[in-house]
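Biologist: Before we talk, could you put the model up, so that I can ask how each label is earned?

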Amino acid sequence: MNKFIAYCGLNCETCEARIATVNNDDNLRKKVAAEWSELNQTEITPEMINCTGCRMEGVKTPFCDYICEIKKCGCQKKVETCGDCGEKKTCQKLQMITGNNREAAETLGIN
């Protein structure tokens with residue numbers, strides 16, 4: 001599977017955090033930090049918005065690096081993405097993404 005597809009099926013290539021990192025765009029980092037702070041009801045600073053992609057080599061946001069339960073599970077199970085996991089259709093962690101993002105669900109083969 002495309003290395004830009006995260007464990008959860010989201011496309012890191014289109015993620016604004018990755019785009020800000022690749023383009024070294026501090027204005028986009030500020031925008032993303034503000035949006036994610038509001039969405040997650042916690043302070044996220046522009047300095048935290050550095051990520052090359054969930055499954056790519058390189059820098060990660062704190063969430064993508066060590067907080068994301070979906071990524072932790074995928075690494076533990078040694079699957080390329082959650083699409084390779086037999087529990088993908090019943091996984092409550094994964095449902096947090098695929099329940100709200102049809103494209104991620106389709107990418108992982110969850111119908």
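Biologist: Why is Glu87 called partly exposed?

Modeller: This is a predicted model, and in it Glu87 has a relative accessibility of 47%; since buried means under 20% and exposed means over 50%, with partly exposed in between, Glu87 counts as partly exposed.

Biologist: What makes the contact of Glu87 and Lys77 a salt bridge?

Modeller: The side chains of Glu87 and Lys77 come to 3.2 Å, N to O, and because a salt bridge asks for a Lys or Arg side-chain nitrogen within 4 Å of a carboxyl oxygen of Asp or Glu, the pair qualifies. This pair links distant parts of the chain, with Glu87 in the loop between helix 4 and helix 5 and Lys77 in helix 4, 10 residues apart. Lys77 is partly exposed, at a relative accessible area of 35%.

Biologist: How do you know that Lys31 and Glu35 form a salt bridge, and where do the two residues lie?

Modeller: Their closest N and O atoms are 3.1 Å apart, and the rule asks for within 4 Å, so the pair counts as a salt bridge. Both residues lie in helix 2, 4 residues apart, which is about one turn of the helix. Lys31, at 37% relative accessibility, counts as partly exposed, and Glu35, with a relative accessible area of 38%, is partly exposed too.

Biologist: Which salt bridge joins Lys72 to a partner in helix 4?

Modeller: Lys72 forms a salt bridge with Glu69, the closest N and O atoms being 3.1 Å apart, and these two residues of helix 4 are 3 residues apart, about one turn of the helix. By the salt-bridge rule, the count comes to 7 salt bridges.

Biologist: Why is Tyr66 called exposed, and what kind of surface patch does Tyr66 belong to?

Modeller: Tyr66 has 52% relative accessibility, and because exposed means over 50%, Tyr66 counts as exposed. Tyr66, which lies in helix 3, forms a nonpolar patch on the surface with Phe63 and Ile67, and together the three have about 330 Å² of accessible area.

Biologist: Is Leu108 buried or exposed, and how do you know?

Modeller: Leu108 has 3% relative accessibility, and since buried means under 20%, Leu108 counts as buried. Leu108 lies in the segment after helix 6, and although Leu108 and Thr81 are 27 residues apart in sequence, they are 7.6 Å apart in space, C-alpha to C-alpha.

Definitions and conventions. Residues numbered from 1 in each chain as written. Predicted model: local features only at pLDDT ≥ 70, side-chain atom pairs only at ≥ 80, totals over all residues. Heavy atoms only, no water. Patch = residues over 30% accessible without salt bridge, like charges linked within 9 Å, V, L, I, M, F, W, Y side chains within 5 Å. Areas by Shrake-Rupley, 256 points an atom, 1.4 Å probe, with all protein chains shown as cover. Buried < 20%, exposed > 50% of the residue type's maximum accessible area, 1.4 Å probe, protein only.
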